Amino acid sequence: MQLALLEARKGWERGEVPVGAVVVRDGEVIATGFNQPIGRHDPTAHAEIVALRAAAEKLGNYRLPGCELYVTLEPCIMCSGAMMHARLARVVYAAVDPKTGACGSVLNLFAEERLNHHTEVVGGVMADEASSLLKAFFAERRAAARKPPAA
Ligand SMILES: [Zn+2]
């Protein structure tokens with residue numbers, strides 16, 4: 001999760017909401033990703049999707065059985081769906097996302113028994129660090145918005 005937080009900071013440096021993700025298999029880091037929908041002009045470029053794509057490319061397989069994904073924010077519906085399609089073994093997230101979280105905050109896709117693949121979910125790992133990072137980012141953005149334009 002420490003590495004996912006470092007990825008999140010890369011997003012911040014580029015003006016993106018700081019969320020980072022890491023895909024791990026057998027204790028080895030396969031791929032990393034950070035949130036970058038603005039920079040990539042891509043609404044699907046969430047940290048998890050970026051990391052899943054890189055992992056699948058690296059392994060030469062659209063499925064990632066036995067892989068775990070660590071992400072600094074509770075995954076949304078899109079990312080949760082992608083993880084299920086990838087047959088990910090486990091997802092570990094840090095902070096909860098009361099607005100778009102699909103692991104229990106808004107709804108819980110992983111508890112939906114009608115969906116045929118069941119990825120294990122663990123939440124709250126290093127949640128304070130991840131949510132502090134997000135809060136600091138949004139505070140900085142609000143402060144910048146209040147500042148009068150330079151003459
Ligand atoms: Zn997402």
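**Figure 1. Cys79 and the zinc site of this predicted model.** With a relative accessibility of 0%, Cys79 counts as buried, because a residue is called buried when its relative accessible area is under 20%. In this predicted model, the zinc ion is coordinated by the SG atom of Cys79 together with the SG atom of Cys76 and the ND1 atom of His46, at 2.0 to 2.3 Å. Read along the sequence, these donor residues follow the spacing H-x29-C-x2-C. His46 belongs to the loop between helix 2 (37-40) and helix 3 (47-59), whereas Cys79 sits in helix 4 (residues 77-85), so this pair ties together parts of the chain that lie 33 residues apart in sequence. How buried or exposed are the other two donors? Cys76 is buried, with a relative accessible area of 13%, while His46, at 23% relative accessibility, counts as partly exposed.

**Figure 2. Cysteines and the search for disulfides.** A disulfide is a covalent bond between the sulfur atoms of two cysteines. When the whole structure is searched for such pairs, zero disulfides are found. Cys67, for example, takes part in no disulfide, and the nearest cysteine sulfur, which belongs to Cys79, is 16 Å away. A disulfide would need the two sulfur atoms to lie within 2.5 Å. Cys67 is itself buried, with a relative accessible area of 0%.

**Figure 3. The surroundings of helix 4.** The buried residues of helix 4 are Cys79, Ser80, Gly81, Met83 and Met84, and what covers them includes helix 3, strand 3 and strand 4. Just after the end of helix 4, Arg87 takes a positive phi of about 55°. Between the C-alpha atoms of Arg87 and Leu59, two residues that are 28 residues apart along the chain, the separation is 14 Å.

**Figure 4. Leu59 and its contacts.** Leu59 is found in helix 3 and is partly exposed, with a relative accessible area of 27%. Which residues does Leu59 touch, if residues up to four places away in sequence are not counted? The contacts of Leu59 are then Arg25, Ile30, Leu64 and Cys67, and the last of these, Cys67, is a buried residue.

**Figure 5. Helix 5, with its buried and exposed residues.** Helix 5 has 20 residues (residues 127-146), which at 1.5 Å a residue should span 28 Å, and its end C-alpha atoms are 29 Å apart, which agrees with that expectation. The buried residues of this helix are Ala130, Leu133, Leu134 and Phe137. When helix 5 is seen down its axis, these buried residues fall within an arc of 90°, so they line one face of the helix. On the other side of helix 5, by contrast, Asp128, Lys135, Arg142 and Arg146 are exposed. What covers the buried residues of helix 5 includes helix 1 (2-13), strand 3 (67-73) and strand 4 (90-95).

**Figure 6. An aromatic cluster of Trp12, Phe137 and Phe138.** A pair of aromatic rings is described by the distance of the centres and the angle of the planes. The count of aromatic pairs comes to two. In the pair of Trp12 and Phe137, the ring centres are 5.6 Å apart and the planes stand at 85°, so the pair is edge-to-face, a description that applies to planes over 60 degrees apart. This pair links distant parts of the chain, with Trp12 in helix 1 and Phe137 in helix 5, 125 residues apart, and both of these residues are buried. The rings of Phe137 and Phe138 have their centres 5.1 Å apart and their planes at 75°, so this pair too is edge-to-face. Phe137 has a relative accessibility of 3% and counts as buried, whereas Phe138, at 30%, counts as partly exposed. Together, Trp12, Phe137 and Phe138 form one aromatic cluster.

**Figure 7. Arg14, in the loop after helix 1.** Arg14 lies in the loop between helix 1 and strand 1 (20-25), and at 51% relative accessibility Arg14 counts as exposed. Although Arg14 and Ile38 are 24 residues apart along the chain, their C-alpha atoms are separated by 9.1 Å.

Definitions and conventions:
Residues are numbered from 1 along each chain as its sequence is written. This is a predicted model: local features need pLDDT of at least 70, side-chain atom pairs count only at pLDDT 80 or more; totals for chains, interfaces and linings use all residues. Side-chain values use heavy atoms; hydrogens and water are left out. Helices (H or I, at least four residues) and strands (E, at least two) are DSSP runs, numbered from the N terminus. The expected span of a helix is 1.5 Å times one less than its number of residues. Buried means under 20% relative accessible area, exposed over 50%, partly exposed in between (1.4 Å probe, protein chains only). The arc is that of the directions from the helix axis to the C-beta atoms. Contact means heavy atoms within 4.5 Å. Rings of Phe, Tyr and Trp (its six-membered ring) pair if their centres lie within 6.5 Å; planes under 30 degrees apart count as stacked, over 60 as edge-to-face and the rest as tilted. Donors are N, O and S atoms within 2.8 Å of the metal (3.2 Å for Na, K and Ca); water is not among the atoms, so sites may look incomplete.
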